[in-house]
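User: I have a model open on my screen and I'd like to learn how to read it. Could you take me through it feature by feature?

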Amino acid sequence: MPTDPLPDWVPTRRQAIGGNIRAERIRQKLTQERLGEAAGLDRKTVNRIELGIHATSIDYLLVIADALGVPLSELVR
């Protein structure tokens, strides 16, 4: 179980991952809605993940990476 509250680096890293997702989505000229449709998520969820305010599951990250056609490692680098 993670500690409560989480270490300061966790939200910072979550925001960095969200920024990587956003950058790749924009590079591919996709809207949040289109990425959400491709990943089976709603636009609000994509937005929360990109902003780093949504503690997402590895499953969501995997479907987003697949929808973007990139390895997960590229998004979490």
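Analyst: Happy to. Let's start in the middle. The largest nonpolar core has 13 residues, and those with the most contacts inside it are Ile 21, Leu 35, Leu 41, Ile 64, Leu 68 and Leu 75. At least two residues of this core come from each of helix 1 (9–27), helix 2 (32–39), helix 3 (43–51) and helix 4 (58–68). Helix 4 gives the largest share, four residues. Keep in mind that this is a predicted model.

User: What is the general idea behind looking for a core like that?

Analyst: In soluble globular proteins, nonpolar side chains tend to be buried together. In this chain, buried residues make up 30% of the 77 residues.

User: How many helices and strands does the chain have, and in what order do the elements run?

Analyst: You'll find five helices and zero strands. Read from the N terminus, the order is α-α-α-α-α.

User: What does the radius of gyration say about the overall shape?

Analyst: The idea is to compare the chain with a compact globule of 77 residues, which would have a radius of gyration near 11 Å; the chain has 12 Å, which agrees. As for dimensions, the C-alpha trace spans about 35 × 25 × 20 Å along its principal axes.

User: What share of the contacts joins residues 24 or more positions apart?

Analyst: Take the contacts with a separation of 6 or more: residues 24 or more positions apart account for 57% of them.

User: Can we look at single core residues? Is Ile 21 buried or exposed, and what does it touch?

Analyst: Ile 21 is in helix 1. Buried means under 20% relative accessible area, and Ile 21 has 0%, so it is buried. Leaving out residues up to four places away in sequence, Ile 21 touches Leu 35, Ile 49, Glu 50, Leu 61, Ile 64, Leu 68 and Leu 75. Also look at Leu 72: its C-alpha is 9.9 Å from that of Ile 21, though the two are 51 residues apart along the chain.

User: Which residues is Leu 35 in contact with, beyond its neighbours within four places in sequence?

Analyst: Those are Ile 21, Arg 25, Val 46, Glu 50, Ile 64, Ala 67 and Leu 68. Notice that charged residues turn up here too, with Arg 25 and Glu 50 among the partners of Leu 35.

User: Where is Ile 49, and how does it fit in?

Analyst: Ile 49 sits in helix 3. It counts as buried because its relative accessibility is 3%. Not counting residues up to four places away in sequence, its partners are Gly 18, Ile 21, His 54, Thr 56, Tyr 60 and Ile 64. For Tyr 60, eleven residues away in sequence, the C-alpha to C-alpha distance from Ile 49 is 9.2 Å.

User: And Gly 36, is that buried or exposed?

Analyst: Gly 36 is buried, at 0% relative accessibility. It belongs to helix 2. Outside the residues up to four places away in sequence, Gly 36 touches Leu 41 and Val 46. Between Gly 36 and Ile 64 there are 8.0 Å from C-alpha to C-alpha, with 28 residues of separation in sequence.

User: Now for backbone angles. What phi does Lys 29 have?

Analyst: First the general picture: most residues other than glycine have a negative phi, and most peptide bonds are trans. Lys 29 has a positive phi of about 60° although it is not a glycine. You'll find Lys 29 in the loop between helix 1 and helix 2. At 76% relative accessibility, Lys 29 is exposed.

User: Which helix holds Pro 11, and how accessible is it?

Analyst: Pro 11 lies in helix 1. Its relative accessible area is 31%, so Pro 11 is partly exposed. From C-alpha to C-alpha, Pro 11 and Leu 41 are 21 Å apart, with their positions 30 residues apart in sequence.

User: Last stop, the surface and the charges. What do they look like?

Analyst: The chain exposes about 5200 Å², and carbon and sulfur atoms supply 55% of that. For the charges, compare the mean positions of the 11 positive and 10 negative ones: they are 6 Å apart.

Note on methods: Residues numbered from 1 in each chain as written. Predicted model: local features only at pLDDT ≥ 70, side-chain atom pairs only at ≥ 80, totals over all residues. Heavy atoms only, no water. Rg over C-alpha atoms; globule rule 2.2 N^0.38 Å. Buried < 20%, exposed > 50% of the residue type's maximum accessible area, 1.4 Å probe, protein only. Contact = heavy atoms within 4.5 Å. Areas by Shrake-Rupley, 256 points an atom, 1.4 Å probe, with all protein chains shown as cover. Charge placed at Lys NZ, Arg CZ, Asp CG, Glu CD. Core = buried A, V, L, I, M, F, W, Y, C linked by side-chain atoms within 4.5 Å.
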